[in-house]
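Let's walk through this structure together, one region at a time. Keep the sequence and the 3D view side by side as you read.

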Amino acid sequence: MSKRTQIRRLPKKAVNDREIMNQILDTGFVAHVAIVDDKQPYALPVGFARDGDRLLLHGSAASRLFKKLADGKPCCATITIMDGLVMSRSVFESSMHYRCVMVLGEAVELHGDEKMAAFDLIVKAFMPGRELEVRKSTKKELKATTLVALSLDEASVKVSNLDPGDLPEDMDSPLWAGVIPIQHTFGTPRDAADLKPGIPVPGYIAEWTHGRT
Ligand SMILES: Cc1cc2nc3c(=O)[nH]c(=O)nc-3n(C[C@H](O)[C@H](O)[C@H](O)COP(=O)(O)OP(=O)(O)OC[C@H]3O[C@@H](n4cnc5c(N)ncnc54)[C@H](O)[C@@H]3O)c2cc1C
């Protein structure tokens, strides 16, 4: 944590627990990564994986975002999991349940064996089991992809999980109040239209639904 990552607005929602941060990062699939180009901020969604105390991000070598990240330009990555809608008795107090991590820093580009290992880790994080059987990237594909790591040293965690916080004067309202949870689950796998006959859905996919809550 740093001065820049100290939560000022609603600090009761700040969480200073590395384990909880890791859980959020291991649950999320998408990081919104912001960079500044010609004084204009751009926040772009990308897939990510956590590797210990850093995030791994990969993208096209031709992407502006990844060029900036590989150059070590300052960036901000935000990972958000929306957990519910808080239905309060007033518009003002209505809100959301969420778990959110924000990371500030400068990424470093990975090369060689480190890049290969990071690729495997990303596949494993997204599709555990797949990394053992999927075709590896060719030299050409590797060249076309930039892989960067962003340290989690400067990060903040904000979690919103409270009941509606209505004002005393609204408590006699006849309106229903409560929380509508949002769940993130995988659906039933669907064969690709061009899948050769007789190829079953891999068994490991059945286990995924339990993994990311
Ligand atoms: C799904 C979702 C929906 C939200 N909807 C709204 C909304 O509609 N309106 C609204 O005002 N706010 C909303 N928030 C909260 C919002 O993200 C900010 O926390 C809030 O607006 C305060 O902003 P600030 O610039 O005053 O933060 P400050 O507290 O001044 O930020 C200081 C530091 O705290 C950390 N920080 C701030 N917010 C977060 C965060 N969300 N997660 C992790 N670290 C954080 C950062 O490191 C930041 O640099 C939402 C958050 C989530 C996750």
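A good place to start is a pair of facing residues: Ile 81 stands opposite Arg 99 in β5. Strands here, like helices, are DSSP runs numbered from the N terminus, with E and at least two residues for a strand, and H or I and at least four residues for a helix. Before going further, please note that this is a predicted model, in which local features need pLDDT of at least 70, side-chain atom pairs count only at pLDDT 80 or more, and totals for chains, interfaces and linings use all residues. Residues are numbered from 1 along each chain as its sequence is written.

The pair you have just seen belongs to a longer arrangement. β4 and β5 pair in the antiparallel sense over 12 bridges, where two strands count as paired if DSSP finds at least two bridges between them. β4 has further partners. Strand β1 (residues 30-37) joins β4 in the antiparallel sense through four bridges, and within that pairing Ala 31 has Ile 79 of β4 as its bridge partner. β9 also pairs with β4, again antiparallel and over four bridges; there, Met 87 stands opposite Gly 178 of β9.

Now step back to the chain as a whole. The protein chain holds five helices and nine strands, and along the sequence they follow the pattern α-β-β-β-α-β-β-β-α-α-β-β-β-α. Its C-alpha atoms fill a box of roughly 65 × 50 × 30 Å, taken along the principal axes. Of the 213 residues in the protein chain, 22% are buried. A residue is called buried if 20 or more other C-beta atoms lie within 10 Å of its own, exposed if there are 12 or fewer, and partly exposed in between, with C-beta atoms placed from the backbone. Contacts can be summarised as well: among those in the protein chain with a separation of 6 or more, 74% are between residues 24 or more positions apart. Two residues are in contact if their C-beta atoms, placed from the backbone, lie within 7 Å.

Next, which residues surround the ligand most closely? The closest are Thr 5, Arg 9, Cys 100, Ser 156 and Lys 158, out of 16 residues that surround the ligand. To belong to this shell, a residue needs its C-beta atom, placed from the backbone, within 6 Å of the molecule. β4 (74-87), β5 (95-106) and β8 (155-160) each supply at least two residues of the shell, and β5 gives the most, with five. By class, the shell around the ligand has eight nonpolar, four polar and four charged residues. In this scheme Ala, Val, Leu, Ile, Met, Phe, Trp, Tyr, Cys and Pro are nonpolar, Asp, Glu, Lys and Arg are charged, and the others, Gly among them, are polar.

Helix α3 makes a nice geometry check. At 1.5 Å a residue, its 15 residues (112-126) should span 21 Å, and its end C-alpha atoms are 22 Å apart, which agrees. The expected span is 1.5 Å times one less than the number of residues in the helix. In α3, Ala 118, Phe 119 and Ala 125 are buried. They cover an arc of only 130° around the axis, which puts them on the same side of α3; the arc is that of the directions from the helix axis to the C-beta atoms. The buried residues of α3 pack against β2 (40-51), β3 (54-60) and β7 (145-151).

One of those strands, β2, contains Ala 43. With 14 other C-beta atoms within 10 Å, Ala 43 is partly exposed. Leaving aside residues up to four places away in sequence, Ala 43 touches His 32, Val 33 and Ala 34. Ala 43 and Cys 76 are 33 residues apart in sequence, and 8.4 Å separates them in space, C-alpha to C-alpha.

Finally, look at some backbone details and a loop. Leu 10 has a positive phi of about 50° although it is not a glycine. Leu 10 sits in the segment before α1 (18-27), and is exposed, with 9 other C-beta atoms within 10 Å. Lys 39, also not a glycine, has a positive phi of about 70°. Lys 39 lies in the loop between β1 and β2 and counts as exposed, with 5 C-beta neighbours inside 10 Å. Ala 192, in the loop between β9 (178-181) and α5 (208-211), counts as exposed because it has 7 C-beta neighbours inside 10 Å.
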